[in-house]
Amino acid sequence: MYTVCNTVKVKNTNRGGRLYSALLASAIENGSIIFLGGLVAGEKEIRTAVVPTTALIEKETPMLVMTPEIIYDQSRKATQALGNFINPANKSFPVIPLEAFDEIEVSAEAFVGTPVVGKYAILDNASTKLKIVDTAPTTGHVLYGKITSSRKSAMPTFLGGNGTLFPTAYDLFNVEFIKL
C-alpha cells in the first residue's frame, strides 16, 4: 500500500496558491516531500524533483507531492482504493509548497518510524518520507511538523468477495508544519 494524503488545510490548495510540476526518474507516492530543481530540458513549466539533502532542508522550501488519485483500472472495486495510487516514473506530477501552519493528513506509509500524536516529523536527508523524532529540531530545518491528531479515514461498510473489507480504512495522522 502507498501513502494516502489529504491537503484540505494547505494554504496553496485553498486560496489559489502556487502549484508546480515536477518530474522524477522513479515512481513517487503522494505525501512525499521533495525540492524543486531546474527546468527539465525543453520544458517551460516542469522542473526536476530533487530528493531532500541536508543543504536543501536547511534553506529551501519543501514541496509536497499531491496528485489527484485517478486509477484507470476499473476491473475491481478494491483497485480504486486510495492506497493503490502512485505517481509513475518519468511522468510529471503536481507539487505544492509547504508553509508554516499548513496541515496535511497522511497515512503511516508517509513516515520513517511509527507516527504517534505529540511526536515530531522532520525532513530526512536522502528520503522523501518524514522521519519521526521525539523532540522538535532547534536548527537545520526551514519547516518541521508536529503530529497533532490521528483518525480512521472511514469505516468499512461491506465485505468483498475475497473476504476483504471495503472501503479500506486508513489510519491518518494530522501533521501541522511549524517554521523554525
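**Exercise 1. Partners around the barrel**

Which residue in S4 is the bridge partner of Leu23? Find it, then work out how the neighbouring strands are arranged.

*Solution.* Keep in mind that this is a predicted model.

Step 1. Start at Leu23: its bridge partner in S4 is Thr48. Strand S2 is joined to strand S4 (residues 46–50) by three bridges, and the two run parallel.

Step 2. Move on from S4 to strand S3 (residues 33–39), which pairs with S4 in the antiparallel sense over three bridges. Here Leu36 stands opposite Ala49 in S4. The hairpin of S3 and S4 has six residues between the strands, and in this hairpin Gly42 takes a positive phi near 85°.

Step 3. Now go back to S2 (residues 20–23) and look at strand S6 (residues 93–97): three bridges join them, and they run antiparallel. Ala22 stands opposite Phe93 in S6.

Step 4. Put the pieces together. Five strands close into a barrel, in the order S2-S4-S3-S5-S6, with mixed pairing. From one strand to the next, the twist averages 55°.

**Exercise 2. Sorting the aromatic pairs**

How many aromatic pairs are there, and which arrangement does each one have?

*Solution.* A pair of aromatic rings is described by the distance of the centres and the angle of the planes.

Step 1. Count: there are two aromatic pairs.

Step 2. Take Phe111 and Phe173. Their ring centres are 6.1 Å apart and their planes stand at 90°, so this pair is edge-to-face. Phe111 sits in strand S8 (residues 111–112) and Phe173 in strand S14 (residues 171–179), so look for two distant parts of the chain, 62 residues apart, linked by the pair. Both Phe111 and Phe173 are buried.

Step 3. Take Tyr120 and Tyr144. This pair is tilted, with 6.0 Å from centre to centre and 55° between the planes. Because Tyr120 lies in strand S9 (residues 120–123) and Tyr144 in strand S11 (residues 143–152), the pair ties together parts that are 24 residues apart in sequence. Tyr120 and Tyr144 are both buried.

**Exercise 3. Exploring the largest pocket**

What is the volume of the largest pocket, and which residues lie nearest its centre?

*Solution.* Rolling a probe the size of a water molecule over the atoms shows where empty space is left.

Step 1. The largest pocket holds about 240 Å³ of space.

Step 2. Twelve residues line this pocket, and those nearest its centre are Thr67, Ile70, Phe85, Pro88 and Lys91.

Step 3. Sort the lining by character: eight residues are nonpolar, three are polar and one is charged.

Definitions and conventions. Residues numbered from 1 in each chain as written. Predicted model: local features only at pLDDT ≥ 70, side-chain atom pairs only at ≥ 80, totals over all residues. Heavy atoms only, no water. Pairing = 2+ DSSP bridges. Helix = DSSP H or I, 4+ residues; strand = E, 2+ residues; numbered from the N terminus. Axes fitted to C-alpha atoms, helices over the stretch in contact; angles between N-to-C directions. 1 Å grid on protein atoms, 1.4 Å probe; cavity = no way out; pocket = protein on both sides within 12 Å on 5 of 7 lines; lining within 4 Å. Points joined across faces, edges and corners; volume = space filled by probe spheres on them. Nonpolar A, V, L, I, M, F, W, Y, C, P; charged D, E, K, R; others polar. Phe/Tyr/Trp six-rings, centres within 6.5 Å; stacked < 30°, edge-to-face > 60°. Buried < 20%, exposed > 50% of the residue type's maximum accessible area, 1.4 Å probe, protein only.
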